[in-house]
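Me: Please walk me through this structure at a first-year pace. I'd like to start with the ligand.

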Amino acid sequence: MQVLVADDTDGVSTQIADIIEQAVIEKPTLTVALATGRTASRGYHELVRRHNRVGGVSYRWATFFNTDEYVGLEPGDSSSTRYFLNYHFYRHIDVPMENTYAPCGHAADIDAECKAYDLLIKARGHLDVVVLGLGYNGHVGFNEPGSSIKSRTRAVDFTESTLAALSDGYRFKNLTETPSSAVAMGLATLMEARHVIIVATGIGKADAVHRILDCNKGTTAVPASQLTTNHPNLTVVVDRFAASRIQTPLQELNTP
Ligand code: GLP
């Protein structure tokens, strides 16, 4: 594991962009899974800025998967993760839209939709890079507490903490408009990714960061801790505020 502590949100965005850009340079046919949310999207904005510079990297041959989608929302709904990544990222770069995937939260048969999504990912072999935000309760990609390390894509009910975070006005106006569940790529799929990046910024995330880094055993109560404990190639990128409650010395956390 590598833990990178940046000064501020811009520093975190730079790290996200550096990792994705380098990965697509090394492997133009990169398969990437992306979470939505404030933290990760700043990194996508930085990638867009770099892409539009002279000599910016091309995503022509890359494939992108959304890590999750809200159950009940149509892809064109401005609150869907599909819309979010189209709006903030895909439409600004040269990836063909047919190489971007998101589960359909509005599918008549959600279980069948989840199985189909897993098959799509499997057809790519594995995910090369995954960018995940961190929930206040330690969730990643809406794998809420209780999620098993063996989980695949399925519908997950939101906890109170996640409902509160989602209804803060950024994603949904209020609790009434907030969906109660999401189709979420499972932890087993995330575990199989070649490189997992977990990002968090701000003092509000400091406790979650402490819980995923300072426990030496993964627990389903803190889903991301199962990745920090078991994933062989994981990078945690935080700003100094989110890092403020880390107890373990960084030299100990950073394994070669
Ligand atoms: C949820 C979403 C993620 C997001 C995370 C943190 O987990 N599924 O996509 O990254 O919340 O969101 P934010 O960065 O806005 O705090």
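Me: Where does the ligand sit?
Reply: In this predicted model, local features need pLDDT of at least 70 and side-chain atom pairs pLDDT 80 or more, while totals for chains, interfaces and linings use all residues. Numbering runs from 1 along each chain, and side-chain values use heavy atoms, without hydrogens and water. The ligand (more than half of its atoms within 2 Å of the grid points) sits in the largest pocket.

Me: Which residues around the ligand include a histidine and a phenylalanine?
Reply: Look for a heavy atom within 4 Å of the ligand. Ala35, Thr36, Gly37, Arg38 and Thr39 are among the residues there. The list also holds His139 and Phe142.

Me: How many charged residues does the shell have?
Reply: Asp, Glu, Lys and Arg count as charged. Beside three nonpolar and five polar residues, the shell has charged residues numbering four.

Me: What distance separates a polar side-chain atom of histidine 139 from an oxygen atom of the ligand?
Reply: A polar contact is an N or O pair within 3.5 Å. Threonine 39 has such an atom 2.5 Å from a ligand oxygen, and arginine 171 has one at 3.0 Å. For histidine 139, the distance is 2.4 Å.

Me: How much of the ligand's accessible area does the protein cover?
Reply: On its own, the ligand has 380 Å² of accessible area (Shrake-Rupley, 1.4 Å probe). The protein covers 95%.

Me: What does the C-alpha trace span?
Reply: Let's step back to the whole chain. Along its principal axes, the C-alpha trace spans about 45 × 45 × 35 Å.

Conventions: A polar contact is a pair of N or O atoms within 3.5 Å; within protein, one must be able to donate a hydrogen and the other to accept it, and residues adjacent in sequence count only if both atoms are side-chain atoms. On a 1 Å grid over the protein atoms alone, a cavity is a set of points where a 1.4 Å probe fits but cannot get out, and a pocket is an open set with protein on both sides within 12 Å along at least five of seven lines; lining residues have an atom within 4 Å of a point.
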